[in-house]
There are 2 protein chains.
Amino acid sequence: MKGVTIEDVAREAGVSRQTVSRAINNKGEISPKTKAKVLSAIQKLGYTPNLQARSMVTQRTSTIGLIVGDIANPYFSSVARGLQDIARQHGYSVFISNTDDNADVEHQALKTMAAQRVDGIVLFSHELAAEKLMAFADTYRPIVLVNRNVQHPNIHHMAVDHGEGIRLAFERLWHLGHRNIGMLAPYQPARADISRRLAAFESEMQQRGLATTDNVVAAQPTFDGGYDAMLQLLDARHDLSAVLCYNDRMAIGALQACRELGRSVPNELSIIGFDNIRVSSMVTPALTTAAVDRYEIGRLAVEALVKLINNPDLQLERRIVPMSLVERDSVAAPAAILASNM
Amino acid sequence: MKGVTIEDVAREAGVSRQTVSRAINNKGEISPKTKAKVLSAIQKLGYTPNLQARSMVTQRTSTIGLIVGDIANPYFSSVARGLQDIARQHGYSVFISNTDDNADVEHQALKTMAAQRVDGIVLFSHELAAEKLMAFADTYRPIVLVNRNVQHPNIHHMAVDHGEGIRLAFERLWHLGHRNIGMLAPYQPARADISRRLAAFESEMQQRGLATTDNVVAAQPTFDGGYDAMLQLLDARHDLSAVLCYNDRMAIGALQACRELGRSVPNELSIIGFDNIRVSSMVTPALTTAAVDRYEIGRLAVEALVKLINNPDLQLERRIVPMSLVERDSVAAPAAILASNM
DNA sequence: GTGAAAGCGCTAACAT
DNA sequence: ATGTTAGCGCTTTCAC
């Protein structure tokens, strides 16, 4: 443990503590000569300012908190990376806490962040009751809440536009000439991300005067779910030329089903996933998929947070994180079109 | 921002600050009645102790630092999760910092941790010069250094035994009856993990009187490297019944090569990877692979650290993290043996 | 341009 | 069993 304090530096340099403080923080008037003297004393003694002590008086800790479900989840770890990079650029260190989407743990994590007096919090929380969250926000500094809506002056919002991902995917298919498009998705109206993706699909279809009977199959959002649903869908609708999937795991299951059925992807059938998980680029054919830039989520969140820390009264617009379509090898023009071009 | 201090609580409860402190920390004598009074005042005011202020006097911050190459790397994010879970059990919050394996950034991260006065650091560092690391350790508290050896009283060690992973894999193959075993690995003597895995393989072979000519092929540690190397290896040695790979990516490339060659895995050929990356369980056949429990690395690291924080003079033995063989579907008894059993 | 005094919120040590 | 005093390391305010 190092015991070098500002006092030691002051003595070494033959000045007062305040002068050392000025040299460190580039604040107030100080002669270049004195400053150099102080800096060399700091160097000599290996002094590192004690941020805890500083924060006692400035009421700022230069720390922020990130609360996620599970940092081992690649989604969150990418968000964390983006957040940390930008936080560091702004001079903040970051505390990370995992909740496993448990309400009590979420609450506990918030309290721990408060005890550490972090300057702001980026929060992924689905479980904590809105009133508890609001009660916490009453007593605390800015919070950036992601993918959830709880109105409070200290809570600012960021969200992924799930519908946009589906729209991008749909438009790509439409543009290529697909007219018989199906979708594989779980049926859970309570889950916002699921219902939004599904609603976006139905809305795209209806806008183009396409019927949505028989071309949506519900299943678990897993590899097996996608596999089973795909068999079922192709059985009901032989004419389908493209299938959208709620997530990549289902899409990869669907790919497997096509392989076993001998339906070539993308030549006979185009498949699009959602999320861009790691495996998506490794399956054959590599999966085209709609995705958010997760690093970008972290970046945007911390930039909003820093603004709010520096200006607590600011009211930021709900920020929508853009999505994009990662184009790989599971999508092509429908076979009919290809044939007519020959 | 909440302004409730211990003073406010004391006034509300009609006691002194010290009594409040005692109630919070369960230290010293305090009558149950007073304690209850204080606790209810805390509740009423929504008081949260200021850890920064506490740490000023206790010289403990209840924080630890984790410095890794990249938290978005699933390896590190699993380590981080294990570390955070156990840290929380011990009452520590954790700062995480990424270095991208850059020496300057590693140094910077250490300095930031020092400025935050973390009580201890778990460090993954390959690049920072040993002398700079030692100079830092001179001035600081306990450091647990993973997979690297820098002798210093404040630095304690933990390492993955790469050789053990290969030994486990080799023994499994041997036990099944394999006698013609090859290996795919990069050739980079400077990288400790590579040379240890290779050395372990050669040592296992020699111990059993097996020649190691022609059955090791060097290649990049990638999917393509594994693919190419496998073609080369099978061309040179038609009799091979099993192949060990430096990592899973090479192994998955090797799997692909076998598929194209029409050599069935595991019936004609057994393949074992190393690391247990996510995809390993998703390829066909699912890959048998040697792996460290990454969560366990985090757990062990923080437990060592906590011991050291509580007893700075302790000198801990270098801790070896156990490996295990994750058995899936890419390994079977050699074809010859299966045939003779029919 | 520099220094002295005050105080951030808390606990250790001593007093009562 | 409870209160008082002092001080952790720093910056802010106000003198000089």
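In this predicted model, a backbone N or O atom of B:N50 sits 3.1 Å from a phosphate oxygen of DNA strand C, inside the limit for a polar contact (a pair of N or O atoms within 3.5 Å). A second phosphate oxygen contact comes from B:K27, with a polar side-chain atom 3.3 Å away. A base is reached as well: an N or O atom in the side chain of A:R22 is 2.5 Å from a base oxygen of DNA strand C. Two or more residues each come to this surface from α2 (17–25) and α4 (51–58) of chain A and from α2 (17–25) and α4 (51–58) of chain B; helices are DSSP runs of H or I with at least four residues, and strands are runs of E with at least two, numbered from the N terminus.

Around DNA strand C there are 27 residues, of which A:T19, A:R22, A:T34, B:I6 and B:Y47 come nearest; a residue counts as near if one of its heavy atoms lies within 4 Å. Sugar or phosphate supplies 60% of the strand's atoms within 4 Å of the protein, and bases the rest.

Turning to chain A, strand β5 (residues 155–160) has 6 of its 6 residues buried, that is, under 20% relative accessible area (1.4 Å probe, protein chains only). β5(A) runs parallel to β4 (residues 143–146), joined by 4 bridges, with A:V146 partnered by A:M158; pairing requires at least two DSSP bridges. β5(A) also pairs in the parallel sense with β11 (residues 319–321) over 3 bridges, where A:V160 meets A:V321.

Residues are numbered from 1 along each chain as its sequence is written. In this predicted model, local features need pLDDT of at least 70, and side-chain atom pairs count only at pLDDT 80 or more.

How values were computed
Chains lettered and ligands numbered in written order. Heavy atoms only, no water. Buried < 20%, exposed > 50% of the residue type's maximum accessible area, 1.4 Å probe, protein only. Polar contact = N/O pair within 3.5 Å; in protein donor to acceptor, adjacent residues only side chain to side chain.
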